[in-house]
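Trainee: I have this one open and would like to go through it with you, starting with how the helices pack. Can you bring it up?

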Amino acid sequence: MFTITAETRRAKREDAGRIADVHANSWRNAYAGIVPHGALARMINRRDKNWWANAIRKSTIILVIEVDEKIVGYATLGVNRVSTFPYEGEVYEIYVEPECQGIGIGTMHFCDARSELKRRGYKGSCVWVLSENDPAISFYENSGGRAIAKGSEHFDDKKLEKTAFAWD
């Protein structure tokens with residue numbers, strides 16, 4: 001038996017390169033075969049080290065989770081972007097390195113992200129997920145989320161459905 005020690009904290013500018021790596025690895029793992037290759041490559045390439053450093057500099061709320069002082073995941077969060085939802089907070093993204101999935105790190109990080117929204121005074125939270133992303137759908141359902149809405153996004157010439165999950 002072993003114990004994993006993980007810590008969530010606010011991202012710092014020097015974290016930008018590692019966040020870019022986690023972003024690339026986790027997006028390839030999550031979306032290969034769902035999002036068209038060209039669109040996925042462009043989305044990953046656009047979010048390089050400089051993009052993340054700029055987001056951190058602009059005070060975007062970015063949390064990272066570290067295991068043994070190595071960043072293995074990140075989350076971005078803030079005000080809910082859908083005015084018709086009664087939930088004030090939104091986790092825009094939450095990703096964990098593929099080799100760190102399935103061992104509780106993502107669950108811990110998601111709880112920390114939702115706690116941060118609550119600490120900032122947001123009542124309730126939501127998250128959007130591509131409907132074909134079965135592991136993410138299971139993750140949010142197992143985290144107590146309720147599917148509350150459907151939508152869609154276009155990636156090149158492919159229309160993909162997405163589902164919103166919410167927590168009070």
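Trainee: How are H1 and H3 oriented to each other?
Mentor: This is a predicted model, and in it H1 and H3 pack at an angle of about 120° with their axes 8 Å apart. H1 and H3 are therefore oblique to each other, and their crossing is right-handed.

Trainee: Which residues of H1 and H3 meet there?
Mentor: From H1 the contact has Ala16, Gly17, Ile19, Ala20 and His23, and these meet Lys49, Trp52, Ala53 and Ile56 in H3. Sorted by class, the contact of H1 with H3 has 6 nonpolar, 2 polar and 1 charged residues.

Trainee: And H1 against H2, at what angle do their axes cross?
Mentor: The axes of helix H1, residues 16–31, and helix H2, residues 37–46, come within 10 Å and cross at roughly 160°. That makes H1 roughly antiparallel to H2, an angle over 145 degrees being counted that way. The contact is made by His23, Ala24, Trp27, Arg28 and Tyr31 on the H1 side, and by Leu40, Met43 and Ile44 on the H2 side. The residues of this contact of H1 with H2 divide into 6 nonpolar, 1 polar and 1 charged.

Trainee: What handedness does the crossing of H1 and H2 have?
Mentor: The crossing of H1 and H2 is right-handed.

Trainee: His23 keeps coming up, so is His23 buried or exposed?
Mentor: His23 lies in helix H1 and is buried, with a relative accessible area of 0%. Its place in the packing can be followed through both helix pairs, since His23 takes part in the contact of H1 with H2 and is also one of the H1 residues that meet H3.

Trainee: What does His23 touch, leaving out residues up to four places away in sequence?
Mentor: With those left out, His23 touches Met43, Ile44, Arg47, Trp52, Tyr74 and Glu93. Among them, Met43 and Ile44 belong to the H2 side of the helix contact, while Trp52 is one of the H3 residues that meet H1.

Trainee: Let's switch to the sheet. How many strands form it, and in what order?
Mentor: The sheet is open and has 7 strands in the order E1-E2-E3-E4-E5-E7-E6, with mixed pairing. Its edge strands are E1, residues 6–10, and E6, residues 146–155, each of which pairs on one side only. Neighbouring strands of this sheet are turned by 25° against each other on average, direction ignored.

Trainee: Which helices pack on it?
Mentor: Helix H3, residues 49–57, packs on the sheet and touches strands E2, E3 and E4, its direction making about 115° with that of E2. Helix H4, residues 105–119, also packs on the sheet, where H4 touches E1, E2, E3, E4, E5 and E7, and the direction of H4 makes about 155° with that of E4.

Trainee: How many residues of E4 are buried?
Mentor: Of the 8 residues of E4, 7 are buried, so E4 is largely enclosed by the rest of the structure.

Trainee: In which sense does E4 pair with E3, and with E5?
Mentor: E3 and E4 pair in the antiparallel sense over 7 bridges, and Tyr74 has Tyr95 in E4 as its bridge partner. By contrast, E4 and E5 pair in the parallel sense over 2 bridges, with Cys126 in E5 as the bridge partner of Glu90.

Trainee: What does Cys126 stand opposite in E7?
Mentor: Cys126 stands opposite Ala166 in E7, where E5 and E7 pair in the antiparallel sense over 6 bridges.

Trainee: And how many bridges join E6 to E7?
Mentor: E6 and E7 run antiparallel and are joined by 9 bridges, and Ser152 has Glu161 in E7 as its bridge partner. In the hairpin of E6 and E7, which has 2 residues between the strands, Asp156 takes a positive phi near 55°. Asp156 is not a glycine, and it is partly exposed, with a relative accessible area of 44%.

Trainee: Where is Glu69, and what is its phi?
Mentor: Glu69 sits in the loop between E2 and E3 and has a positive phi of about 65° although it is not a glycine. Glu69 is exposed, its relative accessible area being 74%.

Technical notes: Residues are numbered from 1 along each chain as its sequence is written. This is a predicted model: local features need pLDDT of at least 70, side-chain atom pairs count only at pLDDT 80 or more; totals for chains, interfaces and linings use all residues. Side-chain values use heavy atoms; hydrogens and water are left out. Two strands pair if DSSP finds at least two bridges between them. Helices (H or I, at least four residues) and strands (E, at least two) are DSSP runs, numbered from the N terminus. Axes are lines fitted to C-alpha atoms, for helices over the stretch in contact, and angles run from 0 to 180 degrees between N-to-C directions. Contact means heavy atoms within 4.5 Å. Angles under 35 degrees count as roughly parallel, over 145 as roughly antiparallel, 65 to 115 as roughly perpendicular and the rest as oblique. A crossing is left-handed if the near helix is turned anticlockwise from the far one by less than a right angle, and right-handed if clockwise. Ala, Val, Leu, Ile, Met, Phe, Trp, Tyr, Cys and Pro count as nonpolar, Asp, Glu, Lys and Arg as charged, and the others, Gly among them, as polar. Buried means under 20% relative accessible area, exposed over 50%, partly exposed in between (1.4 Å probe, protein chains only).
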